[in-house]
Amino acid sequence: MKTVLITGATGDVGTHLSRELAGTYKLRLSDRRPLKAKNFVKADLTKMADALRITKGVDAIVHLGGYSVEGPWDAILQANIIACYNVFEAARINGVKRIVFPTSNHATGFYRRDQTIDHRVYPKPDSRYGVSKVFGEALGSLCADKYGMEFLMVRIGNVNPAPLDKRRLSIWISPRDIAQLVSIGIDHPGIKFEIVYGVSGNQRSWYDNSNAARLGYRPQDDAEPYAQEILAKEKPGDNAIAEAHQGGIFCTAEDVPNPAAPKKAPRKGKRK
Ligand code: 15L
């Protein structure tokens, strides 16, 4: 059984993947935040020493750790650029060849919704966050060409048990479908550097995901059965730029609420 490191294991996607992949691989889970699990190792990946320690002796890495939405530049720089560099470099030093990198639909979020894009389009990030994902893709490409490392870049839409809104009807991916794609990334023998879209088989998809199909991806889910209920609830949007582009509000917002951020403690002495 392969030993697989999952960074960012306490996040939403990390939690889904740890559950879905538990019987298939020997998982080593890691995060900055604590997790009560025997196979957990705490690490701050902005520190190279931590990256070196947790990547030792694994067969593959699923590097989910990072800042997962638009936010302040320093947070993105530390979590998505410095930490990503440390993980890829630590993998190279420790001889770990295979990395699955969850990039994002926000690496290409400034493509319009009336366009269908495939894995060969040039990036059009919609945010600093999107730029940081393009950095990860570029660094992976360098490591593949220069050092013979192997990467599956999964431009994830939105992982959830069910799609959340109209935009997500086009980019949703179910937990079992993302697990299938990640398994392809870990096990497919021929991968050098590949980009795929992390979406289920959605009828409203904006992606030509033929590269994923070529690697054997057969999504089991489709957002369409949820469409009627979601569209009935959806109010017409008043942000024309967000509505026209695949990245939605990431195209205009300077900050998108980070569901993973620790809650602020209430100020002392403040009355209710
Ligand atoms: C992402 O890349 C984020 O990580 C996730 O939290 C969602 O916001 C998702 O994109 C999305 O576009 O819905």
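1. Helices, taken as H or I runs of at least four residues, and strands, taken as E runs of at least two, are DSSP runs numbered from the N terminus. In those terms Val121 is found in the loop between E5 and H4, and this note, which concerns a predicted model, works outward from the sheet to the ligand and then returns to that loop.

2. The sheet is an open one of 7 strands, whose order is E3-E2-E1-E4-E5-E6-E9 and whose pairing is parallel. Strand E3 (40-42) and strand E9 (193-198) stand at the edges with a single partner strand each, so one side of each is left without a neighbour in the sheet. On average, and with direction ignored, neighbouring strands of this sheet are turned by 20° against each other.

3. Within that sheet, strand E5 (residues 98-104) and strand E6 (residues 150-156) run parallel and are joined by 7 bridges. Phe101 stands opposite Met153 in E6, which gives a convenient place to begin when inspecting this pair of strands.

4. Two helices deserve attention for how they lie on the strands. Helix H4 (residues 128-147) lies across E5, E6 and E9, and runs at about 155° to E5. Helix H6 (residues 175-187) lies across strand E1 (3-7), strand E4 (60-63), E5, E6 and E9, and its angle to E5 is about 145°.

5. Which residues surround the ligand? They are Ser68, Val69, Ser104, Asn105, His106, Tyr129, Gly157, Asn158, Arg167, Arg168, Ile171 and Phe250. Sorted by class, this shell has 4 nonpolar, 6 polar and 2 charged residues, and helix H5 (residues 166-171) gives the most to it, with 3 residues.

6. For the polar side of the site, a polar side-chain atom of Arg167 lies 2.6 Å from an oxygen atom of the ligand, and a polar side-chain atom of Arg168 lies 2.7 Å from an oxygen atom of the ligand. Asn158 likewise has a polar side-chain atom placed 3.4 Å from a ligand oxygen atom. Of the 310 Å² of accessible area that the ligand has on its own, the protein covers 83%.

7. What does Val121 touch, if residues up to four places away in sequence are not counted? Its contacts are then Thr108, Tyr111, Arg155 and Tyr197. As for its position relative to Phe151, the two residues are 30 residues apart in sequence, while their C-alpha atoms are 18 Å apart in space.

How values were computed: Residues numbered from 1 in each chain as written. Predicted model: local features only at pLDDT ≥ 70, side-chain atom pairs only at ≥ 80, totals over all residues. Heavy atoms only, no water. Pairing = 2+ DSSP bridges. Axes fitted to C-alpha atoms, helices over the stretch in contact; angles between N-to-C directions. Contact = heavy atoms within 4.5 Å. Near = heavy atom within 4 Å. Polar contact = N/O pair within 3.5 Å; in protein donor to acceptor, adjacent residues only side chain to side chain. Areas by Shrake-Rupley, 256 points an atom, 1.4 Å probe, with all protein chains shown as cover. Nonpolar A, V, L, I, M, F, W, Y, C, P; charged D, E, K, R; others polar.
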